[in-house]
Amino acid sequence: MKKRSHVIPLRLNAKELKHLEMQVKLSGLSREEFLRTLVMGAELRAKPCTHHADLLRKISGLCNNANQLARLANTCKEADSEKVEMMLQLVQAIWKEVRDNW
């Protein structure tokens, strides 16, 4: 037995249908799920870009490096200037990628 037993016919002109299909494609949802989400008042966002996962991996690596540097600084009571410089370069590279691609 289906959970959703109510059907609502909807008529659209060509322009409206094209716009709906474009929004559905951007969301990554099925047409029915997209419309249900709109009806329930949820905020719809575009599906993440293909480079999103790569960016998250880079940011994760940056955080790991920052934690390692902080651990080293806490253990030795100082941080190697070369490692600090490398960390700054990583931060700048990731910031540039975020700025250019988002």
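How many salt bridges does the structure hold? The exercises below work towards the details, using a predicted model.

**Exercise 1. Count the salt bridges, then describe the one that involves Glu21.**

Step 1. The count is 3 salt bridges.

Step 2. Glu21 pairs with Arg31, and their closest N and O atoms lie 2.4 Å apart. This pair links distant parts of the chain: Glu21 belongs to helix H1 and Arg31 to helix H2 (residues 31-39), with their positions 10 residues apart in sequence.

Step 3. Now look at exposure. Arg31 has a relative accessible area of 42%, so this residue is partly exposed. Glu21, at 31%, is partly exposed too.

**Exercise 2. Work out how Glu32, Glu33 and Arg36 are linked.**

Step 1. Start with the general idea: side chains of opposite charge can pair when their charged atoms come close.

Step 2. Take Arg36 and Glu32. They form a salt bridge whose closest N and O atoms are 3.3 Å apart. Both residues sit in helix H2, 4 residues apart, or about one turn of the helix.

Step 3. Take Arg36 and Glu33. Here the closest N and O atoms of the salt bridge are 2.9 Å apart. Because these two are 3 residues apart in helix H2, about one helical turn separates them.

Step 4. Put the pairs together: Glu32, Glu33 and Arg36 make up a network of salt bridges.

Step 5. Check the surface. Glu32 has 56% relative accessibility and therefore counts as exposed. Arg36 is partly exposed at 26%, and Glu33 is partly exposed at 32%.

**Exercise 3. Describe the largest pocket by its volume and its lining.**

Step 1. The space in this pocket comes to about 610 Å³.

Step 2. Among the lining residues are Arg31, Glu32 and Arg36, together with Arg4, His6 and Leu10. You have already met Arg31 in the salt bridge with Glu21.

Step 3. Sorted by class, the lining has 5 nonpolar, 4 charged and 1 polar residues.

**Exercise 4. Decide whether Ser27 is buried or exposed, and find what its side chain reaches.**

Step 1. Place the residue: Ser27 lies in helix H1, which covers residues 14-27.

Step 2. Its relative accessibility is 12%, so Ser27 counts as buried; the cut-off for buried is under 20%.

Step 3. The Ser27 side chain reaches the backbone oxygen of Val24 at 2.8 Å.

**Exercise 5. Locate Ala70 and relate it to Val84.**

Step 1. Ala70 is found in helix H3 (residues 52-76).

Step 2. With 37% relative accessibility, Ala70 counts as partly exposed.

Step 3. From C-alpha to C-alpha, Ala70 and Val84 are 10.0 Å apart in space, while 14 residues apart in sequence.

Conventions
Residues are numbered from 1 along each chain as its sequence is written. This is a predicted model: local features need pLDDT of at least 70, side-chain atom pairs count only at pLDDT 80 or more; totals for chains, interfaces and linings use all residues. Side-chain values use heavy atoms; hydrogens and water are left out. Buried means under 20% relative accessible area, exposed over 50%, partly exposed in between (1.4 Å probe, protein chains only). A polar contact is a pair of N or O atoms within 3.5 Å; within protein, one must be able to donate a hydrogen and the other to accept it, and residues adjacent in sequence count only if both atoms are side-chain atoms. On a 1 Å grid over the protein atoms alone, a cavity is a set of points where a 1.4 Å probe fits but cannot get out, and a pocket is an open set with protein on both sides within 12 Å along at least five of seven lines; lining residues have an atom within 4 Å of a point. Grid points are joined across faces, edges and corners, and a volume is the space filled by probe spheres set on the points. Ala, Val, Leu, Ile, Met, Phe, Trp, Tyr, Cys and Pro count as nonpolar, Asp, Glu, Lys and Arg as charged, and the others, Gly among them, as polar. A salt bridge is a side-chain nitrogen of Lys or Arg within 4 Å of a carboxyl oxygen of Asp or Glu.
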